[in-house]
Amino acid sequence: MKIGIADTMFSRINMFAFAEQQLKELNFSGDTERYTVPGIKDLPVACKILFEKFNCDLVIALGMPGKEKIDKTCSHEASLGIQAVQLMTNKHILEVFVHLDEAKNEKQLFEISENRTKKHAINAVKLLEGKTALSDLAGKGIRQGFSNAGEIKNE
Amino acid sequence: MKIGIADTMFSRINMFAFAEQQLKELNFSGDTERYTVPGIKDLPVACKILFEKFNCDLVIALGMPGKEKIDKTCSHEASLGIQAVQLMTNKHILEVFVHLDEAKNEKQLFEISENRTKKHAINAVKLLEGKTALSDLAGKGIRQGFSNAGEIKNE
Amino acid sequence: MKIGIADTMFSRINMFAFAEQQLKELNFSGDTERYTVPGIKDLPVACKILFEKFNCDLVIALGMPGKEKIDKTCSHEASLGIQAVQLMTNKHILEVFVHLDEAKNEKQLFEISENRTKKHAINAVKLLEGKTALSDLAGKGIRQGFSNAGEIKNE
Amino acid sequence: MKIGIADTMFSRINMFAFAEQQLKELNFSGDTERYTVPGIKDLPVACKILFEKFNCDLVIALGMPGKEKIDKTCSHEASLGIQAVQLMTNKHILEVFVHLDEAKNEKQLFEISENRTKKHAINAVKLLEGKTALSDLAGKGIRQGFSNAGEIKNE
Amino acid sequence: MKIGIADTMFSRINMFAFAEQQLKELNFSGDTERYTVPGIKDLPVACKILFEKFNCDLVIALGMPGKEKIDKTCSHEASLGIQAVQLMTNKHILEVFVHLDEAKNEKQLFEISENRTKKHAINAVKLLEGKTALSDLAGKGIRQGFSNAGEIKNE
């Protein structure tokens with residue numbers, strides 16, 4: 001199994017390091033391939049190349065959209081590209097985007113980035129196991145980047 | 001006939017259970033295949049895989065988008081992906097999304113989720129019967145999750 | 001020639017009847033095929049199936065989007081799907097959407113629905129005649145659902 | 001060389017006449033093909049058919065979106081369809097849309113329509129000459145429908 | 001290696017000159033191909049033709065969206081087209097868009113245009129070297145058009 005990791009120069013945090021560290025902690029026995037691009041809108045084609053030229057089975061796409069309205073549009077365009085790549089390849093891309101305006105300060109931004117990237121690295125390995133490997137966690141209000149929201153049951 | 005059911009870890013309610021329960025009540029004689037992913041943006045490719053690798057004839061996609069503006073964007077991206085998968089496969093995906101902000105409280109959220117999922121499970125079985133199996137209900141203002149709006153006739 | 005007519009359970013008005021009635025009044029000599037789905041987001045794949053499995057030459061897609069913001073998003077997604085189907089098949093889909101909030105009351109909603117559906121049924125038959133069958137009406141400010149806006153000429 | 005011209009019944013101005021007149025003034029020696037549809041959302045597939053069934057080398061798509069929010073959504077959907085057709089055919093579509101709310105009055109709307117359509121008819125003929133036929137005008141702040149904005153040079 | 005450069009008549013600044021100058025400064029030994037179109041919505045198909053008919057390995061797409069709401073919609077449509085072209089060709093397009101409203105005055109607009117175009121010309125050459133050629137700069141908060149935001153490290 002091979003996991004691709006695509007990251008950007010635009011990001012203010014080295015998110016690649018979190019993914020790499022988590023995969024190591026999980027004793028992931030497969031290979032990894034990295035692809036670095038300028039910004040999030042360059043990620044979709046990088047993911048596609050990771051699948052088609054580098055034979056990755058799943059890609060983790062790491063990005064950090066900015067605060068402005070134009071940044072949100074860019075993020076939406078990147079996400080639509082990422083959707084398209086998955087449908088063209090029948091493979092998962094776990095989109096790990098941390099928005100510059102979802103944290104109060106740089107310290108929290110760092111924490112969210114670490115938490116979200118690592119949790120999705122765990123999800124990546126589970127998804128490679130099969131389509132029901134995550135079913136025990138379905139409907140549990142699981143979050144990446146923040147604490148879980150939890151399950152709502154019938155009262 | 002085989003119905004795929006895709007669900008998410010992000011959802012705060014076990015919507016899969018509602019779908020499974022309804023199909024049982026309908027004495028659906030076909031098979032089902034489950035696919036669990038982290039969040040709604042991971043659903044489209046899961047649906048496509050359910051069609052192409054697991055030979056499903058129709059998929060019910062269960063998701064629970066969040067309250068924030070970014071969540072609405074994610075939901076829109078997931079929906080566009082779901083549109084694309086249907087057109088690539090010529091098969092229906094019934095999108096059962098319950099938004100975290102469409103209910104007043106957790107109790108109502110649970111009720112909407114149960115109602116919408118079960119009604120769409122019924123629709124799923126009908127759609128597999130043929131293209132006019134639902135025609136008796138056309139133009140009747142049928143709703144899932146809430147009570148029906150009803151038909152407007154010429155006064 | 002075969003015209004497909006796709007309609008929804010969500011619609012509060014039996015728009016199919018208007019289309020059928022108009023085609024009869026026009027003495028349309030071809031066949032029609034109906035496909036009923038739960039809501040507007042289920043229309044695109046139904047149109048595609050009407051083209052590819054039921055050999056329709058043109059489809060009239062009848063829908064009634066709701067009033068809420070989420071309904072407008074759904075309508076946009078359905079319209080993008082309908083665009084995609086046309087480009088995949090090189091055939092026209094006349095999208096007849098009547099929004100629940102474009103009328104003052106139920107009576108007007110009924111009138112708009114009847115007017116728009118019937119006028120588009122006429123357009124459908126004309127489009128099947130050829131690419132310039134409607135050219136005499138080009139630039140005339142023709143409307144469906146409301147009265148025509150009329151042509152603006154050089155003063 | 002063959003230029004397709006697609007136009008709509010919805011438009012309040014006969015934009016086709018402007019295009020035809022300009023091509024005549026340019027002594028364009030090739031052929032033209034017209035395709036008239038009800039509204040702008042019907043233009044993309046008409047353009048595709050002009051390319052694929054009528055062998056056009058470039059299409060001018062003439063439309064007049066309305067003033068309401070829903071009209072802007074329709075215009076966006078039509079534009080996305082026009083993008084898709086170009087990428088499916090590797091041919092240019094010059095989108096000449098005049099919005100009903102970009103003019104102060106009907107007289108100005110007429111002037112904008114004439115100006116924009118004619119300038120794009122000129123662009124069409126130039127684009128058919130080759131990929132650098134317009135390079136002398138690059139970066140000059142050229143506008144269609146209004147007067148040019150002009151070039152900004154280093155002070 | 002061949003780099004395509006697509007630019008527009010709409011732009012108020014000769015951005016092509018910046019790209020050409022930077023490639024020369026870098027002693028880029030490959031070829032370049034230029035394609036000039038009227039506006040940003042004409043760029044995607046131009047990029048696709050640069051890849052498929054002129055054998056470019058990467059394209060730099062230069063554009064200058066206007067200030068109005070409609071301009072932002074056009075820019076979004078162009079960006080989605082550029083996403084699609086990349087996924088259809090497995091090649092990078094570096095989108096260098098400078099919005100007319102992101103500068104305080106014409107002098108600053110010129111500076112942003114020069115800075116952003118030149119930095120992306122450098123990125124273009126690096127991306128052609130391979131998928132990790134930019135990895136040393138990943139997560140460093142690199143910006144084009146403005147000064148870098150810098151890296152956030154764990155405190």
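Two residues are in contact if their C-beta atoms, placed from the backbone, lie within 7 Å. The exercises below concern a predicted model, which scores ipTM 0.97 and pTM 0.98.

**Exercise 1. Determine which of the chain pairs A and C, B and D, and A and B are joined by contacts.**

Solution.
- Step 1. Take chain A and chain C. Their closest C-alpha atoms lie 13 Å apart, and no contact joins the two chains.
- Step 2. Take chain B and chain D. Here too no contact is present, and the closest C-alpha atoms are 13 Å apart.
- Step 3. Take chain A and chain B. In this pair, 28 residues of chain A are in contact with 34 residues of chain B.

**Exercise 2. Describe the side of chain B that touches chain A by its elements and residue classes.**

Solution.
- Step 1. List the elements of chain B that give two or more residues to this side: the strands β1 (2-8) and β2 (31-37), and the helices α1 (15-25), α2 (43-52), α3 (69-89) and α4 (106-129).
- Step 2. Find the element that gives the most. It is α3(B), with eight residues.
- Step 3. Sort the residues of this side of chain B by class. There are 18 nonpolar, six polar and ten charged residues.

**Exercise 3. Describe the side of chain D that touches chain E, and decide whether the copies meet through the same or different surfaces.**

Solution.
- Step 1. Count the residues on each side. Chain D contributes 28 residues to the contact and chain E contributes 34 residues.
- Step 2. Name the elements of chain D that supply at least two residues each: α3 (69-89) and β4 (93-97). The largest share, six residues, comes from α3(D).
- Step 3. Sort this side of chain D by class. It has nine nonpolar, 14 polar and five charged residues.
- Step 4. Compare the interface residues of the two copies. Only 4% of those of chain D are also interface residues in chain E, so the copies meet through different surfaces.

**Exercise 4. Find the rotation that lays chain D on chain E, and state the kind of axis that relates the two copies.**

Solution.
- Step 1. Recall the general principle. Two copies of a chain are related by a rotation about an axis and a shift along it.
- Step 2. Read off the operation. A turn of 72° with a shift of 0.0 Å along the axis lays chain D on chain E with an RMSD of 0.0 Å.
- Step 3. Draw the conclusion. The two copies are therefore related as by a five-fold rotation axis.

**Exercise 5. Work out the strand order of the sheet in chain E and place the helices α1 and α4 of chain E against the strands.**

Solution.
- Step 1. Follow the order. Four strands of chain E form an open sheet, β2-β1-β3-β4, with parallel pairing.
- Step 2. Identify the edges. β2 (31-37) and β4 (93-97) of chain E each pair on one side only.
- Step 3. Consider the turn between strands. Neighbouring strands of this sheet are turned by 15° against each other on average, direction ignored.
- Step 4. Examine one pair. Strand β3 (residues 58-63) of chain E runs parallel to β4(E) and is joined to it by five bridges. E:A61 has E:E95, in β4(E), as its bridge partner.
- Step 5. Add the helices. Helix α1 (residues 15-25) of chain E lies across β1 (2-8), β2, β3 and β4 of chain E, at about 160° to β1(E). Helix α4 (residues 106-129) of chain E lies across β1, β3 and β4 of chain E, at about 170° to β3(E).

Terms used: Residues numbered from 1 in each chain as written. Chains lettered and ligands numbered in written order. Predicted model: local features only at pLDDT ≥ 70, side-chain atom pairs only at ≥ 80, totals over all residues. Nonpolar A, V, L, I, M, F, W, Y, C, P; charged D, E, K, R; others polar. Least-squares fit on C-alpha atoms with pLDDT ≥ 70 in both. Pairing = 2+ DSSP bridges. Axes fitted to C-alpha atoms, helices over the stretch in contact; angles between N-to-C directions.
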